Protein chains: 2
Amino acid sequence: MGTGEVGQSLATGLVKAGHTVTLGSRTADNAAAAAWAADTGGRHGTFADAASSAELIVNATSGLVSVEALTAAGAENLADKVVVDVANPLDFSDGYPPKVATFEEGISLAEHIQRTFPDAHVVKTLCTVNNAVMVDPGRVPGDHNIFVSGDDRDAKKVASGLLGDLGWTSDQIIDLGGLPTARPIEQNILLWLVLSQALGTYDFNISVQRAG
Amino acid sequence: MGTGEVGQSLATGLVKAGHTVTLGSRTADNAAAAAWAADTGGRHGTFADAASSAELIVNATSGLVSVEALTAAGAENLADKVVVDVANPLDFSDGYPPKVATFEEGISLAEHIQRTFPDAHVVKTLCTVNNAVMVDPGRVPGDHNIFVSGDDRDAKKVASGLLGDLGWTSDQIIDLGGLPTARPIEQNILLWLVLSQALGTYDFNISVQRAG
């Protein structure tokens, strides 16, 4: 779900990995989605088209409208499915640098999605890297890491498998625990923005180094 | 300034590096500070004692009372000096996990200190690692990083020299830019807390890995 750079990049990466992918958008005739489908051999359709036929849903819509998009997809089409949420709820209403929106009582977008669709199994991941790194972790050298947060262990296994399909090794994947751990992960985009300016590149990631 | 674990650890590290260190506290007869001075050959005294005699001030007080402590130190004792701010403004008033306090208009503690004491040269650093790693970066393997944020280039050079005295190599130090870059750096403690729980250790740090 989501026809922006992140959505298209992930959809292409998942097609290359052998998955059947429907790129979901607000309307059935979205030009970007149609062009993507023609290029890749993937499918495209409305959020509801994409979600109803899917075993797994990736939310790559803009974070501020994700719940609206998932509502359009249909709660019944999310039930008992893994929803991999990669969205960054960036709020540019006060200019740059943006704020990361939080939701009721300061919760993360991922938790907000989980509360809104309690029958879905939400896993937060991938929002800490640029879309090029998401689908090609090998472009950054070293044992850099990607994080998963979620309340359902099986859903995190499925999401980790999807990360594996994109090239992330199991050593690179760090399970942070329950979905509330998505809060600092979503806020991390602000450090990512500062680092990208300091380094002059989007082609980076962080690696967690431990003693012993 | 600050007789907690971080303050004592940094003070000891700086004594070992050959610096003359006065451990500053609210009162002249602080027992922890006196014990530290007896152990290390350092000095101790009030915040004002410490600041008035110092070439450089390290703020290792609890972030929520740092401005109060620096006010007790005396604005005249901070003027034209480098103030290395390592404090984390953690707010546990709503329980765990804590919030990271922000100040007027959402600015960081470091910026709040800078605005309150405009004649000081504030540099934010070190707040992204445990106190043991602060003074002994070699305990974590690999080329992990430490960040400096500040509006004054010369002050950042001085602060980077101090980091060097503690064992950080110049390759490990990343200059993020102006003091507003301290905002995501201060928020990073929330990711640090989540990581420390997932890893089961405080002995870790992040490394920034770049392509090319």
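This report describes the contact between chain A and chain B in a predicted model, followed by the surroundings of Gly24(B).

## Extent of the interface

Chain A and chain B contribute 28 residues each to the contact. The area buried between the two chains is about 2500 Å², and carbon and sulfur atoms give 73% of this area.

Zero salt bridges are found across the interface of chain A and chain B. Five residue pairs are in polar contact across it, both residues of each pair being at pLDDT 80 or more.

## Elements on the chain A side

Three elements of chain A, namely strand 9 (173–177), helix 9 (182–199) and strand 10 (204–210), each supply at least two residues of the side that touches chain B. Helix 9 of chain A provides the largest share of that side, with nine residues. By residue class, the side of chain A that touches chain B comprises 16 nonpolar, seven polar and five charged residues.

## Strand pairing between the chains

Strand 10 of chain A pairs with strand 10 (residues 204–210) of chain B in the antiparallel sense, over seven bridges. In this pairing, Ser207(A) stands opposite Ser207(B).

## Surroundings of Gly24(B)

Gly24(B) belongs to strand 1 (residues 22–25) of chain B. Gly24(B) counts as buried because its relative accessible area is 0%, the cut-off being under 20%.

Neighbours within four places in sequence aside, Gly24(B) is in contact with Met1(B), Gly2(B), Thr3(B), Gly45(B), Thr46(B), Phe47(B) and Ala50(B). The C-alpha atoms of Gly24(B) and Gly7(B) are 9.0 Å apart in space, and these residues are 17 residues apart in sequence.

How values were computed: Residues are numbered from 1 along each chain as its sequence is written. Chains are lettered from A and ligands numbered from 1 in the order in which they are written. This is a predicted model: local features need pLDDT of at least 70, side-chain atom pairs count only at pLDDT 80 or more; totals for chains, interfaces and linings use all residues. Side-chain values use heavy atoms; hydrogens and water are left out. Contact means heavy atoms within 4.5 Å. Buried area is the accessible area (1.4 Å probe) that two parts lose on being put together, summed over both. A salt bridge is a side-chain nitrogen of Lys or Arg within 4 Å of a carboxyl oxygen of Asp or Glu. A polar contact is a pair of N or O atoms within 3.5 Å; within protein, one must be able to donate a hydrogen and the other to accept it, and residues adjacent in sequence count only if both atoms are side-chain atoms. Helices (H or I, at least four residues) and strands (E, at least two) are DSSP runs, numbered from the N terminus. Ala, Val, Leu, Ile, Met, Phe, Trp, Tyr, Cys and Pro count as nonpolar, Asp, Glu, Lys and Arg as charged, and the others, Gly among them, as polar. Two strands pair if DSSP finds at least two bridges between them. Buried means under 20% relative accessible area, exposed over 50%, partly exposed in between (1.4 Å probe, protein chains only).
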